[in-house]
Amino acid sequence: QVQLVESGGGLVQPGGSLRLSCVASGSIFSRNLMAWYRQIPGKQRELVASISNGFSTDYANSVIGRFTISRDNAKNTMYLQMNILKPEDTAVYYCYVKTWREGVPYAYWGQGTQVTVSS
């Protein structure tokens, strides 16, 4: 079992920055993928960025050049640095981990943290 706890959300003005953190505890195996998703009420949850255990990254087109995903394996922590925030970035942001053991995948979600971009 894996527990994920996000932090760092809040209210910020357009053009501002926030840094989200996700601390993972429990059994994360060596092969894993960590990601940030976001969801606006009434819409599907969408992938924002992902990072593999080999540090390969992928981003949604809407955040390229503004957001940076990173991880610190020693601390079992993933980060999302969000710069030049826009009102359309307003959403609940969720931490996600997928890990494999003997070829069997296991997926986990955090409880979410609210990000509001507004003047």
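Two strands count as paired here if DSSP finds at least two bridges between them. Keep that in mind as you click around this predicted model.

**Stop 1: the disulfide**

Start by selecting Cys 22, which sits in strand β3 (residues 18-26). Is Cys 22 buried or exposed? Its relative accessible area is 0%, so Cys 22 is buried. Now show the side chain of Cys 95 as well: the two cysteines form a disulfide, with 1.9 Å between their sulfur atoms. A disulfide is a covalent bond between the sulfur atoms of two cysteines. Searching the whole structure turns up 1 disulfide. The pair ties together distant parts of the chain, since Cys 22 is in β3 while Cys 95 belongs to strand β9 (residues 91-101), 73 residues apart. If you check the torsion about the S-S bond, you'll get -70 degrees, a left-handed link. Cys 95 is buried, just like Cys 22.

Before leaving, light up what surrounds Cys 22. Setting aside neighbours within four places in sequence, its contacts include Leu 4, Val 5, Trp 36, Met 78 and Cys 95. For a sense of distance, add Gln 114: the C-alpha atoms of Cys 22 and Gln 114 are 13 Å apart, with their positions 92 residues apart in sequence.

**Stop 2: along β9 to a hairpin**

Stay with β9 and add strand β10 (residues 104-109). These two strands pair in the antiparallel sense, over 6 bridges. To see one of the matches, pick Tyr 96, whose bridge partner in β10 is Trp 109.

Next, select Glu 102 in the loop between β9 and β10. The hairpin has 2 residues between its strands, and Glu 102 takes a positive phi near 50 degrees there. Most residues other than glycine have a negative phi, and most peptide bonds are trans. Is Glu 102 buried or exposed? Glu 102 is exposed, because its relative accessible area is 78%.

While you're on backbone angles, jump to Ile 84 in the loop between β8 and β9. Ile 84 isn't a glycine either, yet its phi is positive, at about 50 degrees.

**Stop 3: a buried arginine**

Now go to Arg 38, in strand β4 (residues 32-39). With a relative accessible area of 6%, Arg 38 is buried. What does its side chain reach? One polar contact, 3.0 Å, runs to the side chain of Asp 89. Another, 2.9 Å, goes to the side chain of Tyr 93. Beyond four places in sequence, the residues in contact with Arg 38 also include Arg 45, Glu 46, Val 48, Phe 67 and Glu 88.

**Stop 4: β4, β5 and β6**

Glu 46 is worth a second click, as it is the bridge partner of Arg 38 in β5. β4 and β5 pair in the antiparallel sense, over 6 bridges. Follow the chain between them and you'll find a hairpin with 6 residues between the strands, where Gly 42 in the turn has a positive phi of about 85 degrees.

Colour β5 by itself next. It is largely enclosed by the rest of the structure, because 5 of its 7 residues are buried. β5 also runs antiparallel to strand β6 (residues 57-59), joined to it by 3 bridges. Select Ala 49 and its bridge partner in β6, Tyr 59, to see one of them. The hairpin of β5 and β6 has 4 residues between its strands, and Phe 55 takes a positive phi near 70 degrees in it.

**Stop 5: the nonpolar core**

Finish inside. In soluble globular proteins, nonpolar side chains tend to be buried together. Which residues of the largest nonpolar core touch the most other members? Trp 36, Leu 80, Met 82 and Tyr 93 do, out of 27 residues in that core. At least two residues of this core come from each of β1 (2-7), β3, β4, β5 (46-52), β7 (67-72), β8 (77-82), β9 and β11 (113-117).

For a last close-up, select Leu 80 and show its surroundings. Not counting residues up to four places away in sequence, Leu 80 touches Leu 18, Leu 20, Trp 36, Val 48, Ala 49, Phe 67, Ile 69 and Tyr 93, among others. Some of these you've already met: Tyr 93 makes a polar contact with Arg 38, Trp 36 is in contact with Cys 22, and Ala 49 is the bridge partner of Tyr 59.

Methods. Residues are numbered from 1 along each chain as its sequence is written. This is a predicted model: local features need pLDDT of at least 70, side-chain atom pairs count only at pLDDT 80 or more; totals for chains, interfaces and linings use all residues. Side-chain values use heavy atoms; hydrogens and water are left out. Buried means under 20% relative accessible area, exposed over 50%, partly exposed in between (1.4 Å probe, protein chains only). Contact means heavy atoms within 4.5 Å. A disulfide is a pair of cysteine sulfur atoms within 2.5 Å. A polar contact is a pair of N or O atoms within 3.5 Å; within protein, one must be able to donate a hydrogen and the other to accept it, and residues adjacent in sequence count only if both atoms are side-chain atoms. A nonpolar core is a set of buried Ala, Val, Leu, Ile, Met, Phe, Trp, Tyr and Cys residues joined through side-chain atoms within 4.5 Å.
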